[in-house]
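Please look through the sequence and the model below before reading on, and keep both at hand while the text moves from single residues to whole helices and cores.

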Amino acid sequence: MGLNDSSPGAMRNGRGLSDQWAESVVVRPRTTERHITVHKRLVLGFALSILTLIVVTAVAVVLSVRFEECGEQSRDGGAAGEPGSRGSGGSARLNGSRGERTGERGDEEAAQPWRNSRLPGTLRPRHYDLRLAVHMDNFTFSGEVSIELECINATRFIVLHADRLEVRWPQLSNKRMFISRFVMRVHRHFPFPANQMYVVVLHRELKPMRTYRLNVSFDAAIEDELLGFFRSSYMMNRERRYLAVTQFSPIHARKAFPCFDEPVYKATFSLALRHDAQYTSLSNMPVESSSLEDEDGWLTNRFARTPRMSTYYLAWAVCNFTYRETQTDGGVTIRLYARPDAISSGAGDYALHITKRLLGFYQDYFKVQYSLPKLDLLAVPKHPYAAMENWGLSVFVEQKILLDAEVSSSSYQMELTMVVVHEICHQVGRGLVLVTLHECLCFQEKQRFLTDVLHEVMLLDGLSSSHPISQEVEQATDINRVFDWIAYKKGAALIRMLANVMGQPLFQKGLNDYLLSHMYSNAARDDLWSKLSQAMRSEGRDINIGEMMDRWTLQMGYPVVTISKNQSEQLPTHYITVSQEHFLYAQEVRGNNSLQWQVPLTVAVGNESALSAERLIWINNKTETHRVGQMDDSTWLLGNINQTGYFRVNYDLQNWKLLIQQLHTSPQIISVGNRAGLIDDAFNLARAGYLPQGIPLQLIGYLPEETSFLPWHAASRALYQLDKLLDRTEEYSLFSDYVLKQVASRYHQMGWPTNGPGNEGNILQASYQTEELQRELIMLACSFGNKQCHRQAVAYISDWISSNKNRIPPNIRDIVYCTGVSLMDEDVWEFIWMKFHSTGAISEKKILLEALTCSDNTFLLNRLLNLSLSSDLVPEQDVIDVIIHVGRNPQGRSLAWRYFREKWDVLNARYGEALFMNSKLISGVTEFLNTERELNELKEFIQSSGVGAGPALPRALEIVEGNVRWHRLHRRQFYQWLRKPPSAVLG
C-alpha cells in the first residue's frame, strides 16, 4: 500500500515537492506503440539492488503486528452501549444463556462477546459466496452473502463485522453428513455499532467440528468517501462520468458486506456483480461467466473463486474505462484500465510495460510463479493511498500510474516507478509468506535510500510520541496507530542494517531457508530470526538475531552513539570510548530513560590522505571502551560507515573539527554516503541540543566543492527545515545569504537544462544523478532568492505566455512555475489557473496546482483555499495538498492554519477514516508552526476539536513544541554564528 508524500523539501514560497523516488527498472516497449525512453542507470541500479529484492518478504515479517496471535487470546471488553434488539429477549436473558466460555472471561462477557473489540474466535469462515447488484444511477447497492462457517468452539452467538449496512433476514443452515441441509432457528439479531459488529443469537448451540452456512441480505450506499465501496468521477467530453471502487485495507471490507473482517480470518471468495451493461466490472479473479438480462439490459459477471486470503485483499470495481494489455512469457495477462482518453493517449503504457518486466523478474528471483491468471492495474481519480495491492487488481490513484512522457519530469517518472515496484512486490511476494497485516517495502538504489527513507523516518522516530514497529493490536482502531511512516520505513531500514551485519550472501541463505520452511503458511517474526541465526551459526558466527532485533522492533526510537578518543592516561591512544542513549528531540524527556540496544557499530580511522578499513564493534551497554587502530592528534574517527545502521553518531568537538577540516580540504576521502550522513546527523544533533548550532553550518561550508547529488540532497532537506523555522524572523536574510553563498558556484557551473530541438520527450537522457543535482541546485537558488535564477524563471514564464508554447524543460517546470507565480502579477496566477484546467496530463496538473499556492497575494491564496473545498474546480484528491502547500508558503501559513481549524469538521468527516490522508493533512498544516501563539492555538484546537484524530495531533503538538523550544533555546546562538566574518568559520 503506497503512502502519502511527507517530504520536507519544499520551495520557500510555498510549493511542496513530491518525494523523489527512484527504482531501477527497464522496459522494452512493444513495436506497435511509441517508445518510452528509460535511462540505463535504471537497469544497472535494478540489477545491483539485491537488497531491494530480498527485503520484500523479510520486511513484511518485521512489520507484522501481532494481530493474529491476539485472535487466539481472550481480551477484556469495554465497548459501551446496549444492542438494539430485533426480537425478543434482552441482556439479562442473554447473560443466563448457555453461551461459550473462553479463557478466563467472566460469565457476563462470555455471554456477550460482541462487547469485546475483537471477534471471539469461536467460528471461522471458509468461503464467501457474495452477490451484489450495483446501482450507479442512485449510488446504492444491495447484496446477499452466503458464508460457509466452521465451528471451533460451541456457541450460540454468531458475531461478525458490519458497518453502515442495513442487514436483512440472516438465516443459518446446517449440513450433516448424508443428511440434507436444514435451517436453524434464529432467536434474534442486532447491530452493535460501538464495535462495528452484527450479532446473530441462536436458539441452539453450534457444535464444534461442524460446518454451517450463514446467509445475509443487506443494502448500503456507495459513499462519496474513500473507504469501503466508494464512488469517484471524472470529466469526459464535458460530461461527468462515475465509477465505484473498493478500498478495504486495513479494516473496511465490513462497509461493503458482512464478514469476519480481521486478517486472521482467511477464506476463499466467489463474487458476482450485477450492473448496467454500459459499465465494466473487475475483481481479483477473471470473469468466469457473463449473462445479459433482456428485460432490463443489466449484465451479471461471475468471477472465479479466489485463493484463500484475508478480507482486505478482496476488491472490485464498476466503471466504463478502457484498457491496454500485455502478456508475460508465463501467460499472465496484464491489463491497465483507465479513462478512455488516458488510454488512447498512451499515458498508461509505461506502467504497463514495467509491470510486465517486474512480474517476470520477481518470479525468476523467488523461483515462485505469480499464482493468479491475470493482473489488472486500475487508475482511479481519487484514492486514499498512492496505490493498494489487492491480489490480482491493484488500484492506483491516477497521479501514481499515468505518465505523459512529453511533459513529465524524471523525478515524477521515478516516483511513479517506485509505486509500481512496491505494488508488484506485493503481488509476487504475497504467495510466499501470508503474514498477518504484512506490507512489503521495495526501495530504490542504495544511496537514495538514505535520504528518502532513513533520514525521513528518523525524524519521526526521534519523537517521544513514536512507537515500536512491532506491537500488539488489541482492537481494530489500533491499526491506525501502528501503520504509519514509522512502521513502513523503519522496518526497511532495520532489514538493511541486518543484511549489512550478516553480509549479503549469508542473509540471502537464511532468507531462502525461511521461505522453503514457511511457504504459503502464516509465519511469525521469530521464525525469520531463527533461520537467520542458523545461517550465522553455519558460518561459525554465534549471534542471536532474535535477541538483537527484538531490541530494535519492540522498543520505540533509536540511539545516538557518541564516539570519543580515550582521554585516560592509563590507556594508550588506540582506545575509544563509546556510549549510547535514546535519541530524543525533546531535551526535557531524556531523563530516566533505560532503553538500550545491541548496536552494530562500524568504525574507521582516517587522516587527510586515507581511511582505514572499517571494523565492526558490538555495543551492548551504556558505555564501553574498545580498541581500534593507532591514532594521534591529526587522525579522526568515523562511525556507522555508509549509514547502514539505524542510529545517529555524535563525536567529541575536536573530532567534529577534524572531520569538517577533512571535508573542506579533501572530501573524497569520506564516502558519498558518509558525507550525506554527517550532514544529516549534524543538523539533527544540533536541533536536538546535542551539538552547538554552528557545527552543521561549518560542515556545509564545503558544499561548493561537492559534486555528488546525495550530500546536496541531505543538506537541502535540512536547510528547508530550518527555512520554515526562520522564514518569519527579522534576521532571516542572514540565513538565506549563507545558503546562497554555498550554492552559488556549483549552481552557476551546472547551469540550466536545455529543451532544444530533438530533446522533447527525452526526459531521461542525462545521467540521473547529474540531472537531479542540477535540479536540486536550481531549486535551492530560486528558493533562497538568487537573482539570476529568478530572472531565468520569469523569462521562461513570459515566453510561455507570449508564444503559447511551453519551452520549459520538464524536469524543472515545478520550480519555474512556483517561482514565476511568486514573483509575477495576478495575471500570471490566472494564466496558471487556466492551464491547470485545460491540460490533460496528470503530472502537469499536479505541479500547476501546487504552483498556484506559491503566490504572495493572500487574496489569491484565500480564493484557492475556498475553491478547493467548496467547488468541483479542484479535484477532491488534491484538496489536502492545496491546504498543505499554502501552509508551506510563509505568506499563507496563518491562512492555512486558520482555514484548517475552521473547516476541521468537514475535513475530518471526509478524510478522517483514511488514516494516512488525515495524518498527512494534520502534519502538513502544523509542522511549521513555531510561535508561542500558534502553539497555544494548537493546544486549544486539540482540546476542543481533536477527538478522533488518532496519534496525528499528539505528534503534531510535540513537533510544534519542539519548534518553539528551538527558537527559545537555540535561535540566538544560530544567528550569532552567522554574523561571524567568513575568515572565522573554521577557527
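Asp341 is a residue of helix H6, which covers residues 340-344, in a model that is predicted. With a relative accessible area of 32%, Asp341 is partly exposed, because that value falls between the 20% under which a residue is called buried and the 50% over which it is called exposed. Along the chain Asp341 and Phe321 are 20 residues apart, and their C-alpha atoms are separated by 9.3 Å.

A second residue can be described in the same manner. Arg968 belongs to helix H31, residues 952-969, and its relative accessible area of 56% makes Arg968 exposed. In sequence, 37 residues separate Arg968 from Thr931, while in space the two are 9.8 Å apart, counted from C-alpha to C-alpha.

These residues sit in a chain of 987 residues, of which 64% are buried. The secondary structure of this chain comes to 32 helices and 27 strands. If one takes the contacts in the chain with a separation of 6 or more, 74% of them are between residues 24 or more positions apart.

Some details of the backbone are found in the loops. Between strand E10 (239-247) and strand E11 (268-276) there is a loop that holds Pro250, and the peptide bond that joins Ser249 and Pro250 is cis, with omega at about 0°. In the loop between strand E9 (228-236) and E10 lies Asn237, whose phi is near 55°, a positive value in a residue other than glycine. Gln643, which is not a glycine either, has a positive phi of about 50°, and its place is the loop between strand E26 (636-639) and strand E27 (648-651). Is each of these two residues, Asn237 and Gln643, buried or exposed? Asn237 counts as exposed, at 66% relative accessibility, whereas Gln643 is buried, with a relative accessible area of 2%.

From loops we can turn to a helix that is mostly covered. In helix H26, residues 879-888, 10 of the 10 residues are buried. Among them are Val879, Ile880, Val882 and Ile883, but also Asp881, His885 and Arg888.

The next topic is how buried nonpolar residues join into cores. In soluble globular proteins, nonpolar side chains tend to be buried together. In this model the largest nonpolar core has 188 residues, and those with the most contacts inside it are Leu378, Trp552, Tyr646, Trp656 and Phe735. Helix H18, residues 709-726, supplies the largest share of this core, with 11 residues. Apart from this core lies another one, of 98 residues, which includes Tyr128, Cys259, Trp316 and Ile354. Which residues does Trp656 touch, when those up to four places away in sequence are not counted? Trp656 touches Val649, Asn650, Tyr651, Leu678, Ala682, Leu685, Leu691, Ile695 and Leu699.

Phe735, one of the residues with the most contacts inside the largest core, also takes part in a contact between two helices. Helix H19 (residues 732-750) packs against helix H32 (residues 971-978) at an angle of about 55°, and their axes are 10 Å apart. H19 and H32 are therefore oblique to each other, and the crossing in which H19 passes H32 is left-handed. On the side of H19 the contact is made by Tyr732, Leu734, Phe735 and Tyr738, and on the side of H32 by Phe974, Tyr975, Trp977 and Leu978. Sorted by class, the residues of this contact are eight nonpolar, no polar and no charged.

Another pair of helices can be read in the same way. The axes of helix H21, residues 787-803, and helix H22, residues 813-823, come within 9 Å and cross at roughly 90°, so H21 is roughly perpendicular to H22. His790, Ala793, Val794, Tyr796, Ile797 and Trp800 in H21 meet a set of H22 residues made up of Val816, Tyr817, Thr819, Gly820 and Leu823. The contact of H21 with H22 divides into eight nonpolar residues, three polar and no charged.

Terms used
Residues are numbered from 1 along each chain as its sequence is written. This is a predicted model: local features need pLDDT of at least 70, side-chain atom pairs count only at pLDDT 80 or more; totals for chains, interfaces and linings use all residues. Side-chain values use heavy atoms; hydrogens and water are left out. Axes are lines fitted to C-alpha atoms, for helices over the stretch in contact, and angles run from 0 to 180 degrees between N-to-C directions. Helices (H or I, at least four residues) and strands (E, at least two) are DSSP runs, numbered from the N terminus. Angles under 35 degrees count as roughly parallel, over 145 as roughly antiparallel, 65 to 115 as roughly perpendicular and the rest as oblique. Contact means heavy atoms within 4.5 Å. Ala, Val, Leu, Ile, Met, Phe, Trp, Tyr, Cys and Pro count as nonpolar, Asp, Glu, Lys and Arg as charged, and the others, Gly among them, as polar. A nonpolar core is a set of buried Ala, Val, Leu, Ile, Met, Phe, Trp, Tyr and Cys residues joined through side-chain atoms within 4.5 Å. Buried means under 20% relative accessible area, exposed over 50%, partly exposed in between (1.4 Å probe, protein chains only). A crossing is left-handed if the near helix is turned anticlockwise from the far one by less than a right angle, and right-handed if clockwise.
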